[in-house]
Amino acid sequence: MDANPTYHGIELDAETALALLEWQAEMGVDEPILDAPLDRFDLAARPKPATATAKPPLPPPLQARAPESSPPQSTDDAGARLAEAEALAAGAGTLAALAAAQEAFDGIELKKGARNFCFADGDPGARVMILGEAPGDEEDRQGRPFVGRAGQLLDRMFAAIGLSRTAVDAAQALYVVNVLTWRPPGNRDPSPDEILVSMPFVRRHVELAAPDLIVLMGNIPCQAALGRRGILRLRGQWVEAFGRPALPMTHPAYLLRNPAAKREAWADLLSLSATLEGLSV
Ligand code: URA
């Protein structure tokens, strides 16, 4: 007879396993992945854990899983990884060199679980840079930021004020990047550690692209650039980020879930357009 399935090393009877699976499907889980990337090379070398006989905890199990399944990196080596990221970013004299250095950097565990490196899209000479959060599933497949549903809405929003990442003229162009270049599994929020080691690359990216204005698209870029969250309070208020004028805006993924918030997003787009015009006179 086949062995019973296990969950975090605990043996489950078929009924509990099915209930767990149904509960996860209801919560929107659509991919069999973990919170943290699984290093299968390391796993093969480890001795098998002893099977516990205790009954599994009842759902909701995903709420309790974070500390157990996400020891991505100990913070003791965070300083060394940050120093390495800073040296690599500082040594990159062009965007191509920066992309190569960031892609080669191994100080971020997400790299092991991602399919593709998502550096940027659009025109690096654009006056407006959009700084998003992190690649999602579609971005991970294509290796380009903002190409899923949220990205399509983003394109429509900016087209409404005459800006596009495919524009030939830099005056109408957009440059789109994310705080993270590797997809966090299950689209979870990037951890503080992942943001920390990505920031030297983001700062250098802004320096090299030298946009006139930056849009901080959602909470994660606000956290990364301003050290503040609370996008619903921050949105629409011009701030300074990376030494440049920056406008926090609600993320298009939020607008897809809350269409009523599009009104305020439209006001923010008009503010962006007026500021761009003001800067060009
Ligand atoms: N959301 C983001 O912030 N960036 C992407 O690239 C896709 C979705």
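## Around the ligand

By class, the shell around the ligand in this predicted model is made up of 3 nonpolar, 3 polar and 2 charged residues. Its members are Gly-132, Glu-133, Ala-134, Glu-139, Pro-145, Phe-146, Asn-178 and His-251.

Three polar contacts are worth a look if you are setting up this site. A polar backbone atom of Glu-133 sits 2.7 Å from an oxygen atom of the ligand, and a backbone N or O atom of Phe-146 is 2.7 Å from a ligand oxygen as well. From His-251, a polar side-chain atom lies 2.8 Å from an oxygen atom of the ligand. The protein buries 91% of the 240 Å² that the ligand exposes when taken alone.

## The nonpolar cores

Now to the protein interior. The largest nonpolar core has 38 residues, and those touching the most other members are Leu-98, Phe-119, Leu-131, Tyr-175, Val-179, Ile-195 and Leu-216. Elements giving two or more residues to this core include α4 (78-90), α5 (95-104), β4 (128-132) and α9 (192-209). Helix α9 contributes the most, with 7 residues.

A second, separate core holds 22 residues, among them Met-157, Val-176, Met-217 and Ala-261.

## Leu-98 and Phe-201

Beyond its neighbours within four places in sequence, Leu-98 is in contact with Ala-89, Ala-92, Phe-119, Phe-201, Arg-204, His-205 and Leu-208. One of these, Phe-201, belongs to helix α9. Phe-201 and Leu-98 are 103 residues apart in sequence, yet their C-alpha atoms are 7.4 Å apart in space.

Is Phe-201 buried or exposed? Phe-201 counts as buried because its relative accessibility is 1%, and the cut-off for buried is under 20%. Not counting residues up to four places away in sequence, Phe-201 touches Ala-85, Leu-88, Ala-89, Leu-98, Ala-101, Gln-102 and Phe-105.

Conventions
Residues are numbered from 1 along each chain as its sequence is written. This is a predicted model: local features need pLDDT of at least 70, side-chain atom pairs count only at pLDDT 80 or more; totals for chains, interfaces and linings use all residues. Side-chain values use heavy atoms; hydrogens and water are left out. A nonpolar core is a set of buried Ala, Val, Leu, Ile, Met, Phe, Trp, Tyr and Cys residues joined through side-chain atoms within 4.5 Å. Buried means under 20% relative accessible area, exposed over 50%, partly exposed in between (1.4 Å probe, protein chains only). Helices (H or I, at least four residues) and strands (E, at least two) are DSSP runs, numbered from the N terminus. Contact means heavy atoms within 4.5 Å. A residue is near a molecule or strand if one of its heavy atoms lies within 4 Å of it. A polar contact is a pair of N or O atoms within 3.5 Å; within protein, one must be able to donate a hydrogen and the other to accept it, and residues adjacent in sequence count only if both atoms are side-chain atoms. Accessible areas come from the Shrake-Rupley method with a 1.4 Å probe; for residues, only the protein chains shown count as cover. Ala, Val, Leu, Ile, Met, Phe, Trp, Tyr, Cys and Pro count as nonpolar, Asp, Glu, Lys and Arg as charged, and the others, Gly among them, as polar.
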